[in-house]
Structure formats: C-alpha cells, structure tokens
Amino acid sequence: MAIKIKNAKQIEGIRKSSRLAAECLKYLEEFAVPGNTTEFINQKALEFMTRHKAKSATLGYNGFKGAVCTSPNDVICHGVPGPYELKDGDILNIDATTILNGYYGDTCKMYEIGKVSDDAKDLLKVTRECLRIGMKECFPGNRFGNIGYAISEYAHSKGYSVVYEFCGHGVGLKFHEDPEVSHIAPKNTGKRMRPGMIFTIEPMINVGKARAKVDKSDGWTARTIDGKLSAQYEHTILVTDNGCEALTDVYGDF
Ligand code: MF3
Ligand code: CO
Ligand code: CO
C-alpha cells in the first residue's frame, strides 16, 4: 500500500490529537508513584481523555482492555492495566493513543517510580537517545530503513538489544497505517520519506535478549524472555519540507 500524504487539514487534526496524547502522559506523571496500581493509572488516563472529548484508540482495539498500555520493568509493550502495584525502583512505560475528531496521536514514555537504579537510568537515557537518533533520519528523500539502521547501531554500541517483533507505523487517519517502521534495518533500504507523511518511531530497547514473549494469560503483555528490563519512547512524526516535526513532543524534550 502507498504511504498516505496528509493534507493541511488532516495535519492540523493529527497535531491536536498528538498534543492531547502528550498532555495525557504529562498528566499521568503525578500518579506514577509507588503504591498505585496500573489500573488506577488507566482510570486517570480514561478520565483525562473523556474530559478532553477524546477517545482511547487502544480501548476495545482487538479486544484490548486498557485506555493506555502500562508496561513495567520486563514488559516490552502492550501491558494490560491491572492490579499490579507499582513499587520503588520500578520503571514503567505508559503508551497513550488518542482519537480526537477522528484523528489519531500516539506517544509513549518512561516513568521512574521512586528511586531507580543507575542501570535502569542508563537504559532510559539510551532509549530516549535512540528515538532522537531515529528522528534525525526523518527528512524528505531519506529511506525508512535508515531510521532502524541508525537506532540499532547506537543501541548495540551501548550493549543493548533492539526489539524486532514490534514496529513503528504510519498513523493519523487510522491507528496503524503503512509503512511499518522497523527499529533495526539495513542501511538505505525501504521507501523514501516525503513531506506530509506521518508515522511513529517507537524503539523498544532491552538490557538482555531482544526476543519477546506474549503472556498466555491475557494474550497481550509482551515480556523479555530473560526477565531483564526493557524501555520504550514513542513520538508521532510529521515529515516536513526540510526535516521533521515530532507532533507529540509538546514539552520540547526532543
Ligand atoms: N500504542 C501502541 C503503539 O504504539 C499500540 C497499542 S495496541 C494495544 O502502536 F492494543 F495494545 F493497545
Ligand atoms: Co505506535
Ligand atoms: Co503507542
């Protein structure tokens, strides 16, 4: 399938939804503390989206039961909110996808619960840098494979592995559009980026092995096979005439 080029009106709509998704993650910071359950955080996310006239794209998506994904520690992604109680030293990913006036915005980030180890801090720092490095590859004419090439070169140089079983994706008019954006890829492969394309980059970086296994109990929660930590950051990216803009980077972190 051809990759959609969004028009000005669509870009405005996706920009607003992306902003809201980012604001939702910001709002959740105060609740990502020891003692709170991931289900409680989910409730707060749902309240926030509802209050701002948005829907969650994940709630009911192929039977997924969360308004956000909550993925602590060894959970790579797609963690289902539930009774898990956050504890001091945990790392937690929250992934929010909003639908506002029919437009989708998708972003995730990491939360340090209480005081986390230096090892965990390093993983978060490198994973955030992976997203930044991926964003630097976003400009007209460049090939999608160079995103994954740059990210994986950097992650490997730091001794981490890159999850290959889940990818970034086109986004905006639907939750998951073409193309798939791999976070590990050969140089100069894939289609070329054009202004008006909108997609996510969402590297999942592991301390140990790259492989994921999905919990049989819920069919969603994807964990590292060795129980070691995993981290992820995600932005919704618009290719512009001379580079890109992260529509979900509302707080100028990137
Ligand atoms: N928001 C996730 C992504 O970045 C997808 C979550 S799908 C769900 O693509 F069903 F697990 F919620
Ligand atoms: Co995504
Ligand atoms: Co997401």
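A residue is taken to be near a molecule if one of its heavy atoms lies within 4 Å of that molecule. In this predicted model, 14 residues surround ligand 1, and the closest include T58, H169, H176, E202 and E234. Local features here need pLDDT of at least 70 and side-chain atom pairs count only at pLDDT 80 or more, while totals for chains, interfaces and linings use all residues. Residues are numbered from 1 along each chain as its sequence is written, chains are lettered from A and ligands numbered from 1 in the order in which they are written, and side-chain values use heavy atoms, leaving out hydrogens and water.

The shell around ligand 1 holds five nonpolar, five polar and four charged residues, where Ala, Val, Leu, Ile, Met, Phe, Trp, Tyr, Cys and Pro count as nonpolar, Asp, Glu, Lys and Arg as charged, and the others, Gly among them, as polar. Two glutamates approach oxygen atoms of the ligand: a side-chain N or O atom of E202 lies 2.8 Å from one ligand oxygen atom, and a side-chain N or O atom of E234 is 3.0 Å from a ligand oxygen atom. The protein covers 97% of the 340 Å² of accessible area that ligand 1 has on its own (Shrake-Rupley method, 1.4 Å probe). A nitrogen atom of ligand 1, in turn, is 3.2 Å from an N or O atom in the side chain of T97.

Turning to the metals, E202 and E234 appear again. The cobalt ion (ligand 2) is coordinated by D106 (OD), H169 (NE2), E202 (OE) and E234 (OE), at 2.0 to 2.2 Å; donors are N, O and S atoms within 2.8 Å of the metal (3.2 Å for Na, K and Ca), and sites may look incomplete because water is not among the atoms. Along the chain, these donor residues are spaced D-x62-H-x32-E-x31-E.

The cobalt ion (ligand 3) takes its protein donors from D95, through two OD entries, D106 (OD) and E234 (OE), at 2.1 to 2.3 Å. Their spacing in sequence is D-x10-D-x127-E. D106 bridges the two cobalt ions, ligand 3 and ligand 2, which lie 3.3 Å apart.

Both sites are classed as irregular, with angles among six donor atoms of 51 to 161 degrees for ligand 2 and 59 to 169 degrees for ligand 3. Six donors would count as octahedral if opposite donors were over 155 degrees apart and all others between 65 and 115.

Conventions: A polar contact is a pair of N or O atoms within 3.5 Å; within protein, one must be able to donate a hydrogen and the other to accept it, and residues adjacent in sequence count only if both atoms are side-chain atoms. Four donors count as tetrahedral if all angles lie between 85 and 135 degrees; four count as square planar and six as octahedral if opposite donors are over 155 degrees apart and all others between 65 and 115; anything else is irregular.
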